Amino acid sequence: MSQFILSLIGGIFVSATAGYLGTLMLQKRMALVAGPLGHLTLPGIALALLYGFDVSLGAFPFVILGIILIWFFEMRTKLPMEALTAVVFASGVALAFLFLPIEQAETALVGDISQVGFGEVVTTAILCLLIFSVLKKIFSKMLLINISEDLAKVEGVNIKKYNLIYLGCIAIIVALGAKLVGGLLTAALVAIPACTARNLSKNMRSYGFLAPLFGALSAVAGVFLFEFSGLPAGPMVILSATLIFLVSLIFRK
Amino acid sequence: MKILEVKNLKVELGGEEIIKNLSFEVKEGEILTILGPNGAGKTVLLKTLLGFLPHQGEVLWQKKTKIGYLPQGITQLKVKDLPLSVEEFFKLKKVTREEILKFLKLVGIREGAFLKKRIGDMSTGQFQRMLVAWVLISEPEVLLFDEPTAGIDIGGEETIYSLLHRFWKERKLTILLVTHDLNIVYKYSSDVLCLSKKGVSCSGQPKEVLTTGLLEKMYGTEIKFYQHKSG
């Protein structure tokens, strides 16, 4: 299989799943949380690049660390989430630059899927399908929790369990996204397609359908642009998503 | 028949004792109003009855009692920017389209087109009615309502209380209601339970137990306002 097709498939799976996840994160007003988490993956990516193992694998433990940090800070300080985000945000970048080989900085910051192998793409696709189906399963319960935790409790929803599953999905998607668009841009991968879908949706069904669709479209456009212009794929994917978002403003409902 | 029995209930939150040694019973078909000033623990009591909060003492529901609960402060703000339709909101429970239409009709929403409406686009009154329908659709035997209006006019001839009263009559419900409005208590409640920070409590029929002295003790300076309202 040609490298181009592999990059395309990998990109579509990650971007579509991230878009779907975004609809939940937007509901919870957590769209920006993917930002600091993405930034925190940078030291992990740096390590991966330094020792030559998979970028997502390096990123994953750092996302987990980030989730635990934000949760811990929130519990201990009662500072609002966005303030904590500011605290954690740049620390990841700063830390990464302690040991990130500078010639590979671009890969870490804005991703690189131009070299993905067959095995990687298969693993990515399987993980994405898994996450997608898990998200689909918890979607309505999460929605109820977001509307009112008390209503959810009366319906017998185990809030802690669902939040934990949800955070686990975020961790995996951020780690996978780090490879596609790098540590700096993962928040956009999650947020932009969901925002676009919300602009165009009157109900949840179209919201949940359009977000992954726009995610996938951005990936296709981004990888094509990369192929023909040689510009890095990550930023191209995000800029394509931004363009679709801008177009959606015209048709906003 | 007793549907709920509470014995020596004690609830502590963040090191503060919110509810001290509370015992009471609720009989089937009762409308019990829980009265008390802000901070007396009314909401905490409801949440404890639902099993949401750790507590000492006993909360005994009759076996397999189906409880419906409308918590305080569910506002449209929360759903305002969600592309969530009325039908989808109801479908968060396992209900059919016919049931949704039936229960919306019961609360005075008759147009079928309503199902496709975005919740954020409803009027406040419609939203309140819809929430009541959402709770009722599970066919609960007991309703726990925490200040259902909080000052909101639901529109039309009916208030949210007369709406509840109608369901109470038709469906032989038991209702536990938290409110500040003494008018409501006199008009609809069969029983009343008073909570206060100082631990003063009353229980019994409103006309018998709600003496001026007790209300003064419970509400302190707020009493003038309440007397005015109920007078």
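Start with chain B and its contacts (pairs whose C-beta atoms, placed from the backbone, lie within 7 Å): of those with a separation of 6 or more, 69% are between residues 24 or more positions apart. Bear in mind that this is a predicted model, where local features need pLDDT of at least 70, side-chain atom pairs count only at pLDDT 80 or more, and totals for chains, interfaces and linings use all residues. For selections, residues are numbered from 1 along each chain as its sequence is written, while chains are lettered from A and ligands numbered from 1 in the order in which they are written.

**Chain B, overall**

Keep chain B selected and colour by secondary structure. You'll get ten helices and nine strands; helices (H or I, at least four residues) and strands (E, at least two) are DSSP runs, numbered from the N terminus. Of its 231 residues, 39% count as buried. Buried stands for 20 or more other C-beta atoms within 10 Å of a residue's own, exposed for 12 or fewer, and partly exposed for anything in between, with C-beta atoms placed from the backbone.

**Helix α4 of chain B**

Now pick residues 97-106 of chain B, helix α4. Show the side chains of B:Ile100, B:Phe103 and B:Leu104, which are buried. They sit on the same side of α4(B), because the arc they cover around the axis is only 105°; the arc is that of the directions from the helix axis to the C-beta atoms. What do these buried residues pack against? Add α3 (86-90) and α5 (124-136) of chain B to the selection, and there are the partners. Step past the helix to B:Gly108, where phi is positive, near 95°.

**Two stops in chain B: Glu147 and Gly204**

Jump to B:Glu147, in the loop between β6 (142-146) and α6 (160-171) of chain B. This residue counts as partly exposed because it has 18 C-beta neighbours inside 10 Å. Leaving aside residues up to four places away in sequence, B:Glu147 touches B:Gln72, B:Val178 and B:Thr179. If you want a distance to draw, B:Lys10 is 137 residues away along the chain, and its C-alpha atom is separated from that of B:Glu147 by 22 Å.

Next comes B:Gly204, in strand β9 (residues 202-204) of chain B. Is B:Gly204 buried or partly exposed? With 13 other C-beta atoms within 10 Å, B:Gly204 is partly exposed. Its contacts, not counting residues up to four places away in sequence, are B:Asp191, B:Val192 and B:Val209. Draw another line from B:Gly204 to B:Lys187: they are 17 residues apart in sequence and 15 Å apart in space, C-alpha to C-alpha.

**Over to chain A**

Switch to chain A and the colouring changes: eleven helices and zero strands. The radius of gyration of chain A (taken over C-alpha atoms) is 17 Å, close to the 18 Å from the globule rule for 253 residues, so chain A is as compact as a globular protein of that length. That rule is 2.2 Å times the number of residues to the power 0.38. Along its principal axes, the C-alpha trace spans about 55 × 40 × 30 Å. Buried residues make up 53% of chain A.

**Helix α4 of chain A**

Select residues 81-99 of chain A, helix α4. Its 19 residues should span 27 Å at 1.5 Å a residue, and the end C-alpha atoms are 29 Å apart, which agrees. The expected span is 1.5 Å times one less than the number of residues. Buried here are A:Thr85, A:Gly92 and A:Ala96. They cover an arc of only 35° around the axis, which puts them on the same side of α4(A). Spin to the face turned away from that side and you'll find the exposed A:Ala83, A:Ala90, A:Ala94 and A:Leu98. The buried residues of α4(A) pack against α2 (34-51) and α5 (105-110) of chain A.

**Where the chains meet**

Finally, bring both chains back. How many residues of chain A are in contact with chain B? The count is 17 residues of chain A, against 16 residues of chain B. Highlight α6 (118-147), α7 (149-154) and α10 (204-229) of chain A, each of which supplies at least two residues of the side that touches chain B.

Methods. Two residues are in contact if their C-beta atoms, placed from the backbone, lie within 7 Å.
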